[in-house]
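The following paragraphs lead the reader through one protein chain. The account begins with strands and then turns to aromatic rings, a helix and charged side chains.

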Amino acid sequence: MLPDPSRYEERYRLTTGAVPVVAATLVMLGVVLRTEALWAAGAIIAAALAVLLVPAVAARRLVAFRADYAGLMLGAEPRALMVGRRQTVFIPWYDVDKIVLHPDQSGLPGAEGRVGRVEVQRRTGLPTGGEQAPEPGASAVTRGVTGWRLDRERLAMITAAVAPGIPIIDAAPGAVELGPAD
């Protein structure tokens with residue numbers, strides 16, 4: 001199925017970084033089931049289930065990021081046991097000042113060149129009638145790009161189509177700006 005040209009959407013999924021964790025957990029679970037100490041087996045099984053909860057939430061295919069004609073949506077972040085979970089945030093285009101893409105600094109193999117965090121800088125003090133123009137960049141909403149991947153070119157294409165005045169800034173060293181200049 002071809003992607004919708006008027007919407008860019010990413011969902012949480014099992015990434016290559018989660019595969020070794022799931023495999024190690026299953027191997028550990030197999031070793032534990034062969035042990036004699038029942039209390040140790042119960043503790044390790046409980047820990048393994050807690051580790052597997054994040055991929056299970058990712059498998060529900062929650063929306064992580066969406067850009068469409070109405071604005072940007074930053075989805076809730078799945079966390080182990082849902083502790084410290086950020087809620088879904090919708091930002092209409094008229095409230096977006098600029099989008100900053102920060103590089104992935106995890107140091108994991110294959111993470112070079114990927115986006116690690118998305119920052120949406122919002123306008124504040126939007127004018128109502130005869131007031132002054134808003135102060136740009138006064139507040140920001142950020143989300144880590146974990147469990148999903150951001151396609152820079154697709155985001156730039158959608159932003160240019162529905163909100164052509166909003167710049168997309170790649171904060172990686174030596175990167176070029178993807179959107180229009182201020």
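Two strands are said to pair if DSSP finds at least two bridges between them. With four bridges, E1 and E2 pair in the antiparallel sense. The model in which this pairing is found is a predicted one.

The chain as a whole provides the setting. It contains three helices and eight strands, and along the sequence these elements follow the pattern β-α-α-β-β-β-β-β-β-α-β. The chain has 182 residues, of which 33% count as buried. Its accessible surface comes to about 10800 Å², and 60% of that surface belongs to carbon and sulfur atoms. Among contacts between residues at least 6 apart in sequence, 59% join residues at least 24 apart.

Strand E2 is a convenient place to begin. E2 is mostly covered, as four of its five residues are buried. On one side of the pairing with E1, Tyr8 stands opposite Ala67 in E2. E2 also pairs with strand E3 (residues 71–74), again in the antiparallel sense, over three bridges. There the bridge partner of Ala67 is Leu72 in E3. Ala67 thus appears in both pairings, facing Tyr8 and Leu72. Three residues lie between E2 and E3, and the two strands form a hairpin.

Aromatic rings also meet at E2. The chain has two aromatic pairs. One of them joins Phe65 and Trp148 in a stacked arrangement, with 5.8 Å from centre to centre and 10 degrees between the planes. Phe65 lies in strand E2, whereas Trp148 lies in the loop between strand E7 (135–144) and H3, so the pair ties together parts that are 83 residues apart in sequence. Are these two residues buried or exposed? Phe65 counts as buried because its relative accessibility is 0%, and Trp148 counts as buried because its relative accessibility is 3%. Tyr8 joins Phe65 and Trp148 in one aromatic cluster. Tyr8 is also the residue that stands opposite Ala67 in E2.

The loop that holds Trp148 leads on to helix H3, which spans residues 152–162. At the N-terminal end of H3, Asp151 acts as a cap: one of its side-chain oxygens lies 3.3 Å from the backbone nitrogen of Glu153. Which residues of H3 are buried? They are Arg152, Arg154, Leu155, Ala156, Ile158 and Thr159. The elements that cover these buried residues include E1, E2, E5, E6 and strand E8 (168–170). E1 and E2, which pair with each other, are therefore among the elements that cover the buried residues of H3.

Charged side chains supply a further set of links. Side chains of opposite charge can pair when their charged atoms come close. How many salt bridges does the structure hold? There are six. In one of them, Arg11 is joined to Glu9, with the closest N and O atoms 3.1 Å apart. Glu9 also meets Arg66 in a salt bridge, at 2.9 Å from N to O. This second pair links distant parts of the chain, as Glu9 belongs to strand E1 (residues 8–11) and Arg66 to strand E2 (residues 63–67), 57 residues apart. Glu9, Arg11, Arg66 and Asp68 are linked in a network of salt bridges. Three members of this network can be described by their exposure. Glu9 is partly exposed because its relative accessible area is 22%. Arg66 is likewise partly exposed, at 23%, and Arg11 is partly exposed, at 31%.

A salt bridge elsewhere in the chain involves Asp97 and Arg123, whose closest N and O atoms are 3.9 Å apart. This pair, too, links distant parts of the chain: Asp97 is in strand E5 (residues 96–103) and Arg123 in strand E6 (residues 115–124), 26 residues apart. Asp97 counts as buried because its relative accessibility is 14%, under the 20% limit that defines the term. Arg123, in contrast, is partly exposed, with a relative accessible area of 26%. E5 and E6, the strands that hold this pair, also belong to the cover of the buried residues of H3.

Notes. Residues numbered from 1 in each chain as written. Predicted model: local features only at pLDDT ≥ 70, side-chain atom pairs only at ≥ 80, totals over all residues. Heavy atoms only, no water. Salt bridge = Lys/Arg side-chain N within 4 Å of Asp/Glu carboxyl O. Buried < 20%, exposed > 50% of the residue type's maximum accessible area, 1.4 Å probe, protein only. Contact = heavy atoms within 4.5 Å. Polar contact = N/O pair within 3.5 Å; in protein donor to acceptor, adjacent residues only side chain to side chain. Areas by Shrake-Rupley, 256 points an atom, 1.4 Å probe, with all protein chains shown as cover. Phe/Tyr/Trp six-rings, centres within 6.5 Å; stacked < 30°, edge-to-face > 60°.
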